[in-house]
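Got the viewer open? Here is a tour, stop by stop, with something to select at each one.

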Amino acid sequence: MAPQNQTIKIGKSFVLECDADGNPIPSITWQFNGAAVVVSQHLTLENENTELIVNNAQESDSGLYTCIAENESGRTTIAATVTVERMLGVPRIFIEPFNLEAFTGTTIELPCKAAEPSGIKLTWRKDGRIIDPIILSSEKYEISSTGSLFVKNVTIFDGGRYECSLKNEFGRATASALITISLHKLLTELKTKLKNDKKQQKQHLKIMKSKN
C-alpha cells in the first residue's frame, strides 16, 4: 500500500499508509521534505512504521512525505504530497481603531488590521455613512494596504465616529472609534496672528509719529 496525496483542513488529522512486501521483510522509514521525520505527540508512527499519523494538522505540515522501504535486496521510495488548507470563518479584527483627540491641521491614522486578510472586503464609515472610494483618492482620505484609514489636514468637520467593517462570505466584524477635534492649534495660530498684528500696528504708529 502506497501513501496517497491528500488535501485536508487545518486542525484535522491525517494518516499516510505505506506497506511493503519482501524477504526479508523491509524496514520502513519516513522523510518529510527530505529530512527524517521526528516522532512527537504531533506526529506518530504506528504498526511498525507502516502508518504515519499527524494530529491537529497545521499549515507547516504541508509538504512531501516520503516512505522508504529497505532490506538486503534493495531500497524503494514512494512519496505523497499533503496540503493543509486554512479554514476560513467570520473575519477577526487583529488591531482595532481607538478613540483619540486630534488637532486641527494634523493627519490621524485609524488602524483596522484583519487577522486573516485574504478574501476580505474592508469598508470605512463616518457617522454611519460609507466613505466613498472616489473620495479616498482625494487629499482628505487614504487607506493603507493594512487597512488603516488616514484622515489628512484635520478640520472641526472631521470629528465623529469612524467604523471599520471587515466582511467575507461567512460574516462581518466591526469596530469603531470616536474622534474629537481640538481647536488648540487653531486658537494658538489666531493668538499668534493677533500678536503679530498688534506688533505691526505699533510699529506703524511709531513710524507715523516719527514722520510727524
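For the first stop you need one rule: a salt bridge here is a side-chain nitrogen of Lys or Arg within 4 Å of a carboxyl oxygen of Asp or Glu. Bear in mind, too, that this is a predicted model.

**Stop 1: salt bridges**

Select Lys 126 and Asp 127. Their side chains meet in a salt bridge, at 3.2 Å from N to O. Lys 126 counts as buried at 16% relative accessibility, while Asp 127 is partly exposed at 47%. Searching the whole structure turns up 5 salt bridges, so let's visit another couple of them.

Pick Lys 140 and Asp 158 next. Their side chains form a salt bridge with an N to O distance of 2.8 Å. Lys 140 sits in the loop between α1 (133-136) and β15 (141-143), and Asp 158 in the loop between β16 and β17, so this pair ties together parts that are 18 residues apart in sequence. Colour by accessibility and you should find Asp 158 buried at 6%, with Lys 140 partly exposed at 22%.

Now go to Glu 142 and Lys 152. Here the closest N and O atoms of the salt bridge are 3.1 Å apart. Glu 142 belongs to strand β15 and Lys 152 to the loop between β16 and β17, so parts 10 residues apart in sequence are tied together. Both ends are partly exposed: Glu 142 at 35% and Lys 152 at 26%.

**Stop 2: a nonpolar core**

Switch to the nonpolar side chains. The largest nonpolar core has 19 residues, and the ones that touch the most other members are Ile 108, Leu 110, Trp 124, Leu 149, Val 151, Tyr 162 and Ile 179. Two or more core residues come from each of β10 (100-103), β11, β16 (149-151), β17 and β18 (171-182).

Centre the view on Ile 179. Which residues is Ile 179 in contact with, leaving aside its neighbours within four places in sequence? The list is Phe 98, Leu 100, Ala 102, Ile 108, Leu 110, Gly 159, Gly 160 and Tyr 162.

Apart from the core around Ile 179 lies another core, of 17 residues, with Ile 10, Cys 18, Val 37 and Leu 43 among them. Keep Cys 18 in mind for the next stop.

**Stop 3: the disulfides**

Show the cysteines as sticks. How many disulfides does the count come to? The answer is 2, and they follow the pattern 1-2, 3-4 when bonded cysteines are counted along the chain.

Start with Cys 18 and Cys 67, whose sulfur atoms are 1.8 Å apart in a disulfide. This pair links distant parts of the chain: Cys 18 is in the loop between β2 (14-17) and β3 (27-32), and Cys 67 is in strand β7, 49 residues apart. The torsion about the S-S bond is about -75°, so the disulfide is left-handed. Both cysteines are buried, Cys 18 at 5% and Cys 67 at 1%.

Then jump to Cys 112 and Cys 164, joined by a disulfide with an S to S distance of 1.6 Å. Distant parts of the chain are linked here as well: Cys 112 lies in the loop between β11 (108-110) and β12 (113-114), Cys 164 in strand β17 (residues 160-168), 52 residues apart. With a torsion of about -50° about the S-S bond, this disulfide is left-handed. Cys 112 is buried at 1%, and so is Cys 164 at 0%.

**Stop 4: an open sheet**

Turn on the cartoon. Look for an open sheet of 5 strands in the order β1-β8-β7-β3-β4, with mixed pairing. β1 (6-9) and β4 (35-36) are at the edges with a single partner strand each, so one side of each has no neighbour in the sheet.

Zoom in on β1 and β8 (residues 74-85), which pair in the parallel sense over 4 bridges. Select Lys 9 and you'll find its bridge partner in β8, Glu 85.

Finish on Thr 66, in strand β7 (residues 63-71). Is Thr 66 buried or exposed? Thr 66 is buried, with a relative accessible area of 12%. Beyond residues up to four places away in sequence, Thr 66 touches Thr 29, Trp 30, Gln 31, Thr 77, Ile 78 and Ala 79.

**Last stop: zoom out**

Fit the whole chain in the window. You have 2 helices and 18 strands, and 28% of the 212 residues count as buried. The chain exposes about 14,000 Å², with carbon and sulfur atoms supplying 52% of it.

Conventions:
Residues numbered from 1 in each chain as written. Predicted model: local features only at pLDDT ≥ 70, side-chain atom pairs only at ≥ 80, totals over all residues. Heavy atoms only, no water. Pairing = 2+ DSSP bridges. Buried < 20%, exposed > 50% of the residue type's maximum accessible area, 1.4 Å probe, protein only. Contact = heavy atoms within 4.5 Å. Disulfide = S-S within 2.5 Å. Areas by Shrake-Rupley, 256 points an atom, 1.4 Å probe, with all protein chains shown as cover. Core = buried A, V, L, I, M, F, W, Y, C linked by side-chain atoms within 4.5 Å.
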